[in-house]
Amino acid sequence: MTVTSIHPRPEPDEVARVTSTAAELLEVLWGRASTAPASASQLRVLLILEHHEGINLRTLADLLASTPPSTSRLCDRLQAAGFVERVVSREDRREVRLYLSSRGRAFLADLRDRREDTLRGVLEKMPAGARNALLTGLEAFCAVAAEQLNGHEDEPGSRTA
């Protein structure tokens, strides 16, 4: 016979509060892994470009919830640092496409390595069962968040019960 303990199902409000606290702690931990020479706003641009290669400035501004002039200045600084390349569109010479440079990709890879090293130090101190539970929960969270970010949250069958 298997004995199972019954835990009340956590309410989304409580999980949101704990997740928010975890995100804040991640910010602090990741601060130790420094994002220099890119600011937080510039890092957001790099991450967006990594997933949306070749987008134009207006689309990037929309994704950042910013204005095209502000976004253009961000890209100017990233291009000056060698992280972003601007390429004139073949279809419309007035449109500029944005791409991560090889230096931008290397920066993101190095940043991820440093962040993962920092996280590994915390995760190694957690009990294995807690790590497994965290992994399962984070995988489910990432799947739903990715669906919402990609605009598929309203499609039939896109939600899990």
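This is a short talk on one chain, its second helix and three of its salt bridges.

Before anything else, please keep in mind that the model is predicted. I will start with the whole chain and then go to one helix.

The chain has six helices and three strands. If you read along the sequence, the order is α-α-β-α-α-β-β-α-α. There are 161 residues in the chain, and 20% of them count as buried. The chain exposes about 11,800 Å², and 56% of that comes from carbon and sulfur atoms. Now the contacts: among those with a separation of 6 or more, 47% are between residues 24 or more positions apart.

Now to helix 2, which covers residues 40-51. A simple check on a helix is its length. Helix 2 has 12 residues, and at 1.5 Å a residue it should span 16 Å. The C-alpha atoms at its ends are 17 Å apart, which agrees.

Which residues of helix 2 are buried? They are Gln42, Leu43, Val45, Leu46, Ile48 and Leu49. The cover over these buried residues includes strand 1 (55-56), strand 2 (84-88) and strand 3 (96-100). It also includes helix 3 (57-64), helix 4 (68-80) and helix 5 (102-123).

Helix 5 is the partner I want to look at. Helix 2 and helix 5 pack with their axes 11 Å apart, at an angle of about 110°. That makes the two helices roughly perpendicular, because angles from 65 to 115 degrees count as such. On the helix 2 side, the residues that meet helix 5 are Leu43, Leu46, Leu47 and Glu50. On the helix 5 side, they are Phe107, Leu108, Leu111, Arg112 and Arg115. Two residues from the buried set, Leu43 and Leu46, appear in this contact as well.

Next, the charged pairs. As a general point, side chains of opposite charge can pair when their charged atoms come close. This structure holds seven salt bridges, and I will go through three.

One of them joins Arg112 and Glu50, at 2.6 Å from N to O. Arg112 is in helix 5 and Glu50 is in helix 2, so this pair links parts of the chain that are 62 residues apart. Arg112 is partly exposed, with a relative accessible area of 33%. Glu50, at 25%, also counts as partly exposed.

Another salt bridge is between the side chains of Arg105 and Glu53, again with 2.6 Å from N to O. Where do these two residues lie? Arg105 is in helix 5, while Glu53 is in the loop between helix 2 and strand 1. The pair therefore ties together parts that are 52 residues apart in sequence. Both are partly exposed: Arg105 has a relative accessibility of 38%, and Glu53 has 32%.

The last one I will show stays inside a single helix. Asp117 forms a salt bridge with Arg120, and their closest N and O atoms are 2.6 Å apart. Why can such neighbours in a helix face each other's way? An α-helix has 3.6 residues a turn, so residues three or four places apart point the same way. Asp117 and Arg120 are three residues apart in helix 5, which means about one helical turn separates them. Asp117 is partly exposed at 48%, and Arg120 is partly exposed at 38%.

To close, helix 2 meets helix 5 through the residues I listed, and the salt bridge of Arg112 and Glu50 also links these two helices.

Methods
Residues are numbered from 1 along each chain as its sequence is written. This is a predicted model: local features need pLDDT of at least 70, side-chain atom pairs count only at pLDDT 80 or more; totals for chains, interfaces and linings use all residues. Side-chain values use heavy atoms; hydrogens and water are left out. Helices (H or I, at least four residues) and strands (E, at least two) are DSSP runs, numbered from the N terminus. The expected span of a helix is 1.5 Å times one less than its number of residues. Buried means under 20% relative accessible area, exposed over 50%, partly exposed in between (1.4 Å probe, protein chains only). Contact means heavy atoms within 4.5 Å. A salt bridge is a side-chain nitrogen of Lys or Arg within 4 Å of a carboxyl oxygen of Asp or Glu. Accessible areas come from the Shrake-Rupley method with a 1.4 Å probe; for residues, only the protein chains shown count as cover. Axes are lines fitted to C-alpha atoms, for helices over the stretch in contact, and angles run from 0 to 180 degrees between N-to-C directions. Angles under 35 degrees count as roughly parallel, over 145 as roughly antiparallel, 65 to 115 as roughly perpendicular and the rest as oblique.
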